[in-house]
Amino acid sequence: NSMLNRIHKGEAQGILTWKLNRLARNPIDGGQISRMLQQNIIKHIQTFERDYNPSDNVLLMQVEFGMANQYVKDLSLDIRRGMRQKAERGWYPITRLPIGYMHKPGYILGIDDEIIPNPEQFSILKKLWNLFLTGEYSVADIKRKGNALGLKTKHGKPCSKNTYYYILTNEFYCGYFNWRDRNGSVIRHKGKHKVMISTTQFQKAQIDRKSVV
């Protein structure tokens, strides 16, 4: 959108792009670019394979834009299906896992654990959970303990208080996570990852948290 606005202002007259499908991922984008080319606002589009000019048959462009749009839709469906299948296997299908865990690099499907403890965080976080479960520490106390033990985010910074609230209320640490099924309904899945605490301990922490804030 920024690029097209600049072309409208006269800052440029043409576009260089690897393929035409890089310019439009939906019919609205494709229609706008085709219209600008027909009206000679865009005078030239150059791709790796060919070039497009105002005098060209716009139907060819629309076919390519339509193929690009369908590719994106199919890719989105494939990604969602793959993530759903991963959840059904018992592995939380998100890119950024809760602190204390990591994706196993190069895992073999069906043989290796797909999610493993983060060696720099897991043991520290387990100690913090055990402290919190005594009922003698507030979230602020746990944050101070975490800072002292060296628990850090992936960016190398101390965890915020909100991060500790997230940790202490996240069922993932006792082995569960939620994900949508093929109908869009949220399903509670039993994870195969190594748990940090038991379900009973997690429930106790939720009770204690109300009185120890």
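# Worked exercises on a predicted chain

Once neighbours within four places in sequence are set aside, I7 is in contact with A12, I15, M36, I41 and I42; contact means heavy atoms within 4.5 Å. This is a predicted model, in which local features need pLDDT of at least 70 and side-chain atom pairs count only at pLDDT 80 or more, while totals for chains, interfaces and linings use all residues. Residues are numbered from 1 along each chain as its sequence is written, and side-chain values use heavy atoms, with hydrogens and water left out.

**Exercise 1.** Find the element that holds I7, and decide whether I7 is buried or exposed.

*Solution.* Step one: I7 lies in helix α1, residues 2–8. Helices (H or I, at least four residues) and strands (E, at least two) are DSSP runs numbered from the N terminus. Step two: I7 has a relative accessible area of 4%, so I7 is buried. The cut-offs are under 20% relative accessible area for buried, over 50% for exposed and in between for partly exposed, using a 1.4 Å probe and protein chains only. Step three, for a sense of distance: I7 and G175 are 168 residues apart in sequence, and their C-alpha atoms are 53 Å apart in space.

**Exercise 2.** Work out how the elements of the chain are ordered and how its radius of gyration relates to the globule rule.

*Solution.* Step one: count seven helices and seven strands in the chain. Step two: read them from the N terminus as α-β-α-β-β-α-β-β-α-α-α-β-β-α. Step three: the radius of gyration is 26 Å, well over the 17 Å that the globule rule gives for 213 residues, so the chain is more spread out than a compact globule. That radius is taken over C-alpha atoms, and the rule is 2.2 Å times the number of residues to the power 0.38. Step four: the C-alpha trace spans about 75 × 40 × 30 Å along its principal axes. Step five: buried residues make up 33% of the 213 residues.

**Exercise 3.** Two residues of helix α3 are M61 and K73; find how buried or exposed M61 and K73 are.

*Solution.* Begin with M61, which is buried at a relative accessible area of 2%. Beyond its neighbours within four places in sequence, M61 is in contact with L20, I33, S34, L37, I45 and Y52. From M61 to G31, 30 residues away in sequence, the C-alpha distance is 9.4 Å. Now turn to K73, which counts as partly exposed at 48% relative accessibility. K73 and I167 are 94 residues apart along the chain, with 35 Å between their C-alpha atoms.

**Exercise 4.** Which parts of the chain are tied together by the aromatic pair of Y92 and W179, and which by that of Y101 and F122?

*Solution.* Start with the rule: rings of Phe, Tyr and Trp (its six-membered ring) pair if their centres lie within 6.5 Å, with planes under 30 degrees apart counted as stacked, over 60 as edge-to-face and the rest as tilted. The count comes to 10 aromatic pairs. One of them joins Y92 and W179 edge-to-face, at 6.3 Å centre to centre and 85 degrees between the planes. Y92 sits in the loop between α3 (58–89) and β4 (101–103) and W179 in strand β6 (residues 176–180), so this pair ties together parts 87 residues apart in sequence. Next comes the edge-to-face pair of Y101 and F122, at 5.6 Å centre to centre and 90 degrees between the planes. Y101 belongs to strand β4 and F122 to helix α4, so here the parts tied together are 21 residues apart in sequence. Both Y101 and F122 are buried. Finally, one aromatic cluster is formed by Y92, Y101, F122, W129, F172, Y173, F177, W179 and F202.

**Exercise 5.** Locate two loop residues, N118 and N40, and describe each.

*Solution.* N118 is placed in the loop between β5 (115–117) and α4 (122–133). N118 counts as buried at 14% relative accessibility. Apart from neighbours within four places in sequence, N118 is in contact with G100, Y101 and M102. N40 lies in the loop between α2 (27–38) and β2 (44–46). N40 is partly exposed, with a relative accessible area of 37%. Although N40 is not a glycine, N40 has a positive phi of about 70 degrees. Most residues other than glycine have a negative phi.
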